[in-house]
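These are my notebook entries on cysteines, charged side chains and backbone angles, written down in the order in which I looked them up.

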Amino acid sequence: MTGDEYQRRTAITRVSVSSSQSELLERTISEWLEACNIASRMAWGTCDCASAVQRLAYDRIREETELGSQHAVLATHHVARAIKSGIERRKDGKHATRPEFTSESMTFDARTMTVFEEEEEVSLATCDSHSRVRARLELPDDDGYQYQYLEDDEWELTESTLHYRDGDWFLHLGFRTPKRTDPPIENGTVLGVDLGVAEIAVTSTAQFFSAGELSHARREFERVRYGLQAQGTRNAYRTLERVSARESEYIKHALHDVANGIVDEARGHGCDGIVFEELDGIRDRLPEADWHSEWAFDTLYEYVKYKARAAGLFVDTTSPRNTSRRCPECGFVHENNRTSRDQFECQECGCRGHADYIAAKNVADTYLSRGQQTSRERGVGQYALKSGTMTPNGTYTPYPNGSEDESTDKSNP
């Protein structure tokens with residue numbers, strides 16, 4: 001299969017190594033960066049095909065570095081991709097120079113890395129002859145999203161990247177599986193989800209997941225960290241690391257609960273999929289959200305994806321443009337429609353509601369009304385509300401024997 005016939009995912013986990021193992025890995029990365037820069041100097045302006053870069057630079061890399069044969073091959077392929085990216089940038093009229101490799105990271109594949117799922121360990125080949133580092137994968141104790149790929153035979157482990165950052169090691173495990181064409185859904189339904197400030201998430205069915213407790217907890221953790229940083233002692237630093245780890249676990253547990261709630265809401269309303277706004281730039285759009293970081297948004301999205309997949313639901317994203325300013329009743333778009341952080345009132349038709357709930361409906365409506373390829377392929381044409389479903393053209397259908405008491409669910413006559 002070609003690369004386009006696979007869908008790919010990345011699962012990130014911390015790696016626990018001893019000081020001697022860390023020194024060996026650091027030296028291996030140093031040799032890897034030297035190899036990449038050798039290949040870059042030789043191939044820039046000459047070739048960008050992986051096999052061509054390998055033929056050109058492989059022998060030089062083996063002569064001038066301590067890398068083994070497979071790491072040398074991976075380095076040349078890594079350089080070929082970087083050169084290709086630079087060429088594409090130039091075609092788009094952007095500035096591009098010869099790639100320089102300085103980031104403390106390197107690539108591993110099936111020949112240079114072995115993952116032992118049951119033991120939750122990984123073995124990594126290093127620059128020492130026939131030497132490997134076997135280390136523990138610090139996977140979450142609960143049902144972290146990483147297990148979706150590690151324990152599912154449909155996902156094949158592929159090229160992965162080891163990163164060294166601020167004294168810690170992180171492994172970005174790469175997985176792939178052949179793309180499948182699911183049978184089309186007739187008159188399918190999606191659930192819209194908006195991520196907010198006071199609310200972690202709000203659905204188009206008016207389910208609110210409050211950020212109050214999480215925001216309070218993060219402020220408390222921040223207060224404790226500030227006090228420890230002010231002490232500046234070695235013991236305080238060790239305690240600070242433990243506090244940060246507890247905070248991370250607390251946040252992940254809270255986000256797991258929210259993800260479960262979103263998936264349950266979709267299943268409870270007979271939905272076929274869940275739609276979020278695109279996450280790129282979301283931290284800039286929500287600067288006042290105490291509970292969040294870009295990591296938190298991404299983590300919540302990943303949790304929902306793997307929990308939804310287990311429930312037979314798809315997850316997709318759509319453009320966030322005007323989802324907080326557009327009236328779902330009449331379509332009027334204006335910044336004054338958002339009268340406050342939490343309140344929405346259309347300046348044209350007077351439609352009122354909680355701003356995040358309005359945005360959740362607009363997320364779903366935008367996904368459907370723009371005729372995205374994914375929505376057409378899946379046959380979804382309506383989105384779920386608290387008391388019924390709505391189509392982009394304003395056709396409201398109440399649930400059988402359901403409530404019709406929420407006027408904001410219905411389109412204007």
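Before anything else I fix my terms: a residue is buried under 20% relative accessible area, exposed over 50%, and partly exposed in between. I also keep in mind that this is a predicted model.

**Entry 1: the negative patch**

I looked for clustered acidic side chains and found a negative surface patch formed by Glu117, Glu118, Glu119, Glu151 and Asp153. I placed Glu117 in the loop between strand S3 (113–116) and strand S4 (121–125), and I placed Glu118 in the loop between S3 and S4 as well. Glu117 has 44% relative accessibility and therefore counts as partly exposed, whereas Glu118 has a relative accessible area of 78% and is therefore exposed. I then asked myself how far apart the C-alpha atoms of Glu118 and Glu151 are. The separation of these C-alpha atoms is 9.1 Å, although Glu118 and Glu151 are 33 residues apart along the chain.

**Entry 2: an unusual phi in the S3–S4 loop**

I stayed in the loop between S3 and S4 for Glu120, which lies there too. I noted a positive phi of about 55° for Glu120, although this residue is not a glycine. I wrote beside this that most residues other than glycine have a negative phi. Is Glu120 buried, partly exposed or exposed? At 27% relative accessibility, Glu120 is to be entered as partly exposed.

**Entry 3: a second positive phi**

I found a positive phi of about 65° at Ala206, again a residue that is not a glycine. I located Ala206 in the loop between strand S9 (199–203) and strand S10 (208–210). The relative accessibility of Ala206 is 22%, so I listed Ala206 as partly exposed.

**Entry 4: salt bridges**

I reminded myself that side chains of opposite charge can pair when their charged atoms come close. How many salt bridges does a search of the whole structure find? The search returns 16 salt bridges, and I went through some of them one by one.

I began with Glu66 and Arg27, whose side chains meet in a salt bridge at 2.7 Å, N to O. This pair links distant parts of the chain, since Glu66 is in the loop between helix H2 (50–64) and helix H3 (69–91), while Arg27 is in helix H1 (residues 19–43), 39 residues apart. I entered Glu66 as partly exposed because its relative accessibility is 41%, and I entered Arg27 as partly exposed because its relative accessible area is 32%.

I next took Glu64, which forms a salt bridge with Arg60, the closest N and O atoms being 3.6 Å apart. Glu64 and Arg60 both lie in helix H2, where they are four residues apart, about one turn of the helix. With a relative accessible area of 45%, Glu64 is partly exposed, and with 36%, Arg60 is partly exposed.

I then turned to Glu345, which forms a salt bridge with Arg352, with 3.4 Å between the closest N and O atoms. The relative accessible area of Glu345 is 28%, so Glu345 is partly exposed, whereas Arg352 is at 56% relative accessibility and so counts as exposed. I also recorded a network, in which salt bridges that share partners join Asp152, Glu154 and Arg309.

**Entry 5: the positive patch**

I looked for clustered basic side chains and found a positive surface patch formed by Arg234, Arg238, Arg242 and Arg246. I checked the place of Arg242, which lies in helix H6 (residues 234–268). Arg242 counts as partly exposed because its relative accessibility is 48%.

**Entry 6: cysteines**

How many disulfides does a search of the whole structure find? The search finds zero disulfides. I checked Cys49, which is in no disulfide and whose nearest cysteine sulfur, that of Cys47, is 7.7 Å away; for a disulfide, the pair of cysteine sulfur atoms would have to be within 2.5 Å. I closed with the accessibility of two cysteines: Cys49 is at 36% relative accessibility and thus counts as partly exposed, whereas Cys271 has a relative accessible area of 6% and is buried.

Terms used: Residues numbered from 1 in each chain as written. Predicted model: local features only at pLDDT ≥ 70, side-chain atom pairs only at ≥ 80, totals over all residues. Heavy atoms only, no water. Buried < 20%, exposed > 50% of the residue type's maximum accessible area, 1.4 Å probe, protein only. Patch = residues over 30% accessible without salt bridge, like charges linked within 9 Å, V, L, I, M, F, W, Y side chains within 5 Å. Areas by Shrake-Rupley, 256 points an atom, 1.4 Å probe, with all protein chains shown as cover. Salt bridge = Lys/Arg side-chain N within 4 Å of Asp/Glu carboxyl O. Lys, Arg positive; Asp, Glu negative; His and termini not counted. Charge placed at Lys NZ, Arg CZ, Asp CG, Glu CD. Helix = DSSP H or I, 4+ residues; strand = E, 2+ residues; numbered from the N terminus.
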